[in-house]
Amino acid sequence: MAPAPTTIARALCAATRRLREAGIESPRAEARLLLRHVTGLAPELLVRERDRVLVADELARLEALVARRAEREPWAYLSGEREFWSLRLRVRPGVLVPRPETETLVEAPLAAFPERTAALRILDLGTGSGCLLAALLHEYPNAFGVGVDRSAEALAVAAENLEALGLRRRAALVRGDWGTALSGPFDLVVANPPYVASGELEALAPEVGRYEPRLALDGGPDGLSAYRALLPDLLRLLAAHGLACLEIGAGQAAALRALFAAAGFTVALRADLAGIARCLLLRRAARP
Ligand SMILES: C[S@@+](CC[C@H](N)C(=O)[O-])C[C@H]1O[C@@H](n2cnc3c(N)ncnc32)[C@H](O)[C@@H]1O
């Protein structure tokens with residue numbers, strides 16, 4: 001007897017089962033996402049067309065995606081995109097998937113520099129997908145920005161994103177070690193450095209630890225190595241009236257406040273939507 005054709009309903013059941021077995025937290029919701037991605041159907045149509053038979057190409061693509069997701073590859077790498085600050089960004093392996101909490105590093109400058117027409121000089125250290133640079137250039141239409149990364153793959157993605165958003169002409173992308181190759185001054189410096197302690201990398205969710213670039217995650221023995229490395233660049237590159245906004249990990253605020261205060265910065269903190277101190281705001285301390 002020929003096997004029953006694979007309808008949307010059957011495919012949804014099979015994908016849900018496979019993802020559940022793989023330990024995915026919301027297997028049904030994710031199976032629906034994968035089916036929508038493959039069929040292009042809106043959520044309500046997925047229900048209405050539950051008896052539609054998938055064509056061979058749809059079925060093959062769905063099976064490939066389910067297999068990858070069951071291996072715990074992040075959804076953003078499968079779909080090839082992620083929204084950040086309401087901007088649709090491309091992502092792929094080799095670049096960190098932008099996180100919602102990183103939007104705190106857009107909110108903080110917007111509060112500090114409310115004049116949107118300001119011709120700010122912006123520096124984004126460790127630009128990755130270019131998410132922060134893109135969001136800030138989008139918000140400040142007269143600003144110019146420099147994005148730095150050590151990863152050529154990340155810079156390629158950042159360039160694609162800036163181009164797609166019509167921001168490329170207001171940005172320079174530089175391959176380098178934090179700000180060492182640059183001269184300032186910059187009005188605004190943002191950075192989301194790697195801040196996971198090396199010993200904690202093994203405990204990360206498989207989606208993160210297995211797939212996202214180590215260069216974007218590994219913050220050295222205590223998670224703070226990158227902050228120490230980029231501190232001299234901030235001292236050299238930040239304008240007298242400038243602001244630096246650095247993303248920090250949960251529980252790192254006290255140690256980093258002490259580090260930057262000792263170097264002569266005034267330090268403030270901004271929490272993310274979960275109430276976690278997420279952004280370190282640095283200004284040069286006023287001279288007596
Ligand atoms: C946590 S990711 C942040 C990416 C992006 N800014 C974001 O918020 O999603 C850190 C980035 O810093 C880059 N990076 C790591 N070490 C670096 C270094 N020494 N100099 C420049 N970039 C570096 C990584 O390649 C990665 O893209």
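**Close-up views of strand β3 and the nonpolar cores**

**View 1. Strand β3 beside strand β6 in the predicted model.** Strands β3 and β6 (residues 186-191) run parallel and are joined by four bridges. Within this pairing, I122 of β3 has L188 of β6 opposite it.

**View 2. Strand β3 beside strand β4.** Strand β4 (residues 144-149) is also parallel to β3, and five bridges connect the two. Here D124 is placed opposite G147 of β4. Together with helix α7 (residues 131-139), strands β3 and β4 form a β-α-β unit of right-handed sense.

**View 3. Burial of strand β3.** Strand β3 spans residues 121-125, and four of these five residues are buried; the strand is therefore largely enclosed by the rest of the structure. A residue counts as buried when 20 or more other C-beta atoms lie within 10 Å of its own.

**View 4. The largest nonpolar core.** This core comprises 62 residues, and L136, V189, C245 and L246 have the most contacts inside it. Helix α7 supplies the largest share of the core, with seven residues. The same helix takes part in the right-handed β-α-β unit with β3 and β4.

**View 5. Surroundings of L246.** Leaving aside residues up to four places away in sequence, L246 touches A191, P193, Y227, C279, L280 and L282. L246 is also one of the residues with the most contacts inside the largest nonpolar core.

**View 6. A second nonpolar core.** Separate from the largest core is a second one of 12 residues, among them L34, L35, V38 and V66.

Conventions: Residues are numbered from 1 along each chain as its sequence is written. This is a predicted model: local features need pLDDT of at least 70, side-chain atom pairs count only at pLDDT 80 or more; totals for chains, interfaces and linings use all residues. Two strands pair if DSSP finds at least two bridges between them. A crossover is right-handed if, with the strands pointing away from the viewer, the path from the first strand over the helix to the second runs clockwise. A nonpolar core is a set of buried Ala, Val, Leu, Ile, Met, Phe, Trp, Tyr and Cys residues joined through C-beta atoms within 7 Å. Two residues are in contact if their C-beta atoms, placed from the backbone, lie within 7 Å.
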